[in-house]
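Open the model in your viewer and keep the selection panel at hand. We will go from stop to stop, and at each one you will hear what to select and what is there.

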Amino acid sequence: MTPVPSASSASAAPSASAATSAHHTDSASSAASAPPAIRCRALTKRYKDVLAVDGLDLDVPSGECFGLLGPNGAGKTTTVEMIEGLVAPDSGTVEILGLHWGRDAIALRERLGVALQETRLAERLKVIEVIRLFRSFYRAGHDPEEILDLVELREKRDTWVDKLSGGQKQRLAIACALVGNPDVLFLDEPTTGLDPQSRRALWDVVEEFKSRGGTVVLTTHYMEEAERLCERVAVMDHGRIIALGSPRELIASLGADHVVEFALGSGAEPLPEAELVALPGVESARRDGPRYTLTVTEPHRAIPALMGELERHGGEMTELLTHHATLEDLFLSLTGRHLRDT
Amino acid sequence: MMNYLLPLKELTLARFREQLRQPEVLFWVFAFPLLLAVALGLAFRNRPPDVIHVAVESGPRAEALVADLKAAGGFAASVLSPEVASEELRTGQVALVVVPGDSLVYRYDPTRSESRLARIATDDALQQALGRRNPRATADHIVTERGARYIDFLIPGLLGLNLMSTGMWGLGYAVVDARRRKLMKRLLASPMRRSQYLLSFIAARLVILAPEVIVLLGFAALAFGVPVRGSILSLAVVVVLGAMCFAGLGLLTASRAQTVEAVSGLMNLVMLPMWVLSGVFFSSAKFPAAMQPFIRVLPLTALNDALRGIMLQGASLASLAAPIGICVVWGSVSFAVALRTFRWI
Ligand SMILES: Nc1ncnc2c1ncn2[C@@H]1O[C@H](COP(=O)(O)OP(=O)(O)OP(=O)(O)O)[C@@H](O)[C@H]1O
Ligand SMILES: [Mg+2]
């Protein structure tokens, strides 16, 4: 049986130090001259009995879109807000664009764009008034009318904020983050609760920002989002990074590209995991009650073999699902838990 | 300089727009004090002098006594049987019963002030009619002057009350609301300065202040003829100082609260004693002497004293140094403490 990558092996393979420069040649070359967009060392934050962030190291090269993934309470927001200078770390250092919060706070604020996980902007202001308000804080930046077009809120220009839909409010929050023409953009769960269409519209905005050389730090629960937008992803759990690398690398660390999930009908004898791993093309197997998850290199060989095995074993298959391995599968294999607990 | 003022202007505009777009704010700031002024003005309007109701028990010369009283003027008198007269005295329809005879007997309840008045007035009128000689001639000079009526007392008090509630609620509620929505946190993530944020509240307060004061005082002048005897400039100075003083107190009350409920409780705790003690609806002199030093130093008492001094007595700013000083101290101390304790995130 191929061992499921544990926390230690994950950080050994695509580790923090290797991942800053190894696979991303364009940013690696610029990283040599310019300071990294973000560098954190041993960041720690404790809330009473919760260790929200536990000695976190992070490097994000300039021009990268970096994703923070993890279940509720993993410490993503706390991490991001410490980097944004909104939450004071108990210990550790943060350096952004070569600047520090203690010395260069005002200069830094000019260069960051922030969308918090949850902000309810002034209800009774019009969309354009809110954008203009935020524009007034920055020395340089975009024309509020242009930003309106960028986030596709032109039609809502003169609508009160409290009359906007959830997705439109999120887009307004991003408009406020973009209007000062930031070098680094922080988006804390920008698409949570949005329908697929609004989500894709937001992705377009982020990609447009990236295409102009901006650095992005994004937290999300959505794997597709991280896979689509991020060059690198850190998977967080209990305040630590348990895996770090490009989405491809991380999925590859599962040892197989595909995932086969199936369930047996009630009353069936459990299938031993060892027997499943012995099947051709199967890399690992995990059982959770009547449900089985296999990571598989060659589904066209593994699935017929699985069917044959079931025939011999005797038992009814009630479900069969196969898909490309995702970060969700990685998280499951790292922690034994699903990213989004339902 | 422009870099500092532009965000301040935008923040103030935002704050101002938010207020104008909230009908309930407009009601409490503009309509409520007017309604209060009208209601209290009607309830305590100055009535023509009351007629004194007197019963004369039937008996010898009863009719003559009634005629004497009617001739004296200001009395409504009639002859009644002793039973009916007693009944009417008991139910308050008459203030006094006169029992005719060689010596006149007055029956009344001395704890009713109208009865005591009736006793004096009736005796005076009857003795006069029976031929009393006054040792010295007297003359009455009737005065009902603007500035001495209840409404004149009330309007400056209502103005002070309004400055207090608008200042405290306006700032306190908005600050806590922004904190709760994390709007404050979001603003802090931008290059906005904290001082710009706080100053925008002061600026927006000053913008609303002018119409607020003009509406109330204009209405009082037109509807009730309430005067402003002192200089408009002095009045403006006191109004602005008062508004700033309560803006400071509002900021202090809201400096740490995280929920609207918490701040509401605190606000009421601060404001309620002043509603009662600070001489808004009736003079604070009615409270026991032992409480006076405490009442005097309350900011609303000081503001009301200064407003009344200017509006009713035409006092100068210099002569109001004490109450103005109290407002300034309250305002600056609360601002200073609020800035130190303010919870930004
Ligand atoms: N202000 C706070 N006071 C006390 N505990 C806090 C505070 N903020 C966060 N925590 C705790 O710290 C831990 C990490 O929280 P954080 O908000 O960083 O998680 P998250 O990864 O962003 O979660 P989510 O996906 O739900 O947004 C949680 O256990 C949370 O309860
Ligand atoms: Mg979060």
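A polar contact here is a pair of N or O atoms within 3.5 Å. Please also keep in mind that this is a predicted model.

**Stop 1: ligand 1 and its polar contacts**

Select ligand 1 and Gly73(A): a backbone N or O atom of this glycine lies 2.8 Å from an oxygen atom of the ligand. Next, add Gln117(A), where an N or O atom of the side chain is 2.9 Å from a ligand oxygen. Then bring in Glu189(A), which has a side-chain N or O atom 3.1 Å from an oxygen of ligand 1. How much of the ligand does the protein bury? On its own, ligand 1 exposes 630 Å², and the protein buries 63% of that.

**Stop 2: the shell around the ligand**

Widen the selection to the 14 residues that surround ligand 1; Asn72(A), Gly73(A), Lys76(A), Thr77(A) and Thr78(A) are the closest. By class, this shell holds five nonpolar, seven polar and two charged residues. Now colour strand E2 (50–60) and helix H4 (76–83) of chain A, each of which supplies at least two residues of the shell. Which element gives the most? That is H4(A), with three residues.

**Stop 3: the second largest pocket**

Stay with chain A and select Glu118(A), Thr119(A), Arg120(A), Lys169(A) and Gln170(A). Of the 24 residues that line the second largest pocket, these are the closest to its centre. The space in this pocket is about 450 Å³. Show helix H8 (residues 166–178) of chain A as well, since you will want to see the element that gives the most to this lining, with seven residues. The lining divides into 10 nonpolar, five polar and nine charged residues.

**Stop 4: the largest pocket**

Move on to the largest pocket, with a volume of about 1100 Å³. It is lined by 43 residues, and the ones to select for its centre are Arg15(B), Val25(B), Trp169(B), Gly170(B) and Tyr173(B), the closest to that point. Colour H6(B) next: the largest share of the lining, 11 residues, comes from this helix. Helix H6 (127–136) of chain A also supplies at least two lining residues. In the lining you will find 28 nonpolar, eight polar and seven charged residues.

**Stop 5: the domains of chain B**

Finally, zoom out and colour chain B by domain: domain 1 covers 2–44 + 146–341, and domain 2 covers 52–129. Their C-alpha centres lie 52 Å apart.

Terms used:
Residues numbered from 1 in each chain as written. Chains lettered and ligands numbered in written order. Predicted model: local features only at pLDDT ≥ 70, side-chain atom pairs only at ≥ 80, totals over all residues. Heavy atoms only, no water. Domains from an automatic or database assignment. Near = heavy atom within 4 Å. Polar contact = N/O pair within 3.5 Å; in protein donor to acceptor, adjacent residues only side chain to side chain. Areas by Shrake-Rupley, 256 points an atom, 1.4 Å probe, with all protein chains shown as cover. Helix = DSSP H or I, 4+ residues; strand = E, 2+ residues; numbered from the N terminus. Nonpolar A, V, L, I, M, F, W, Y, C, P; charged D, E, K, R; others polar. 1 Å grid on protein atoms, 1.4 Å probe; cavity = no way out; pocket = protein on both sides within 12 Å on 5 of 7 lines; lining within 4 Å. Points joined across faces, edges and corners; volume = space filled by probe spheres on them.
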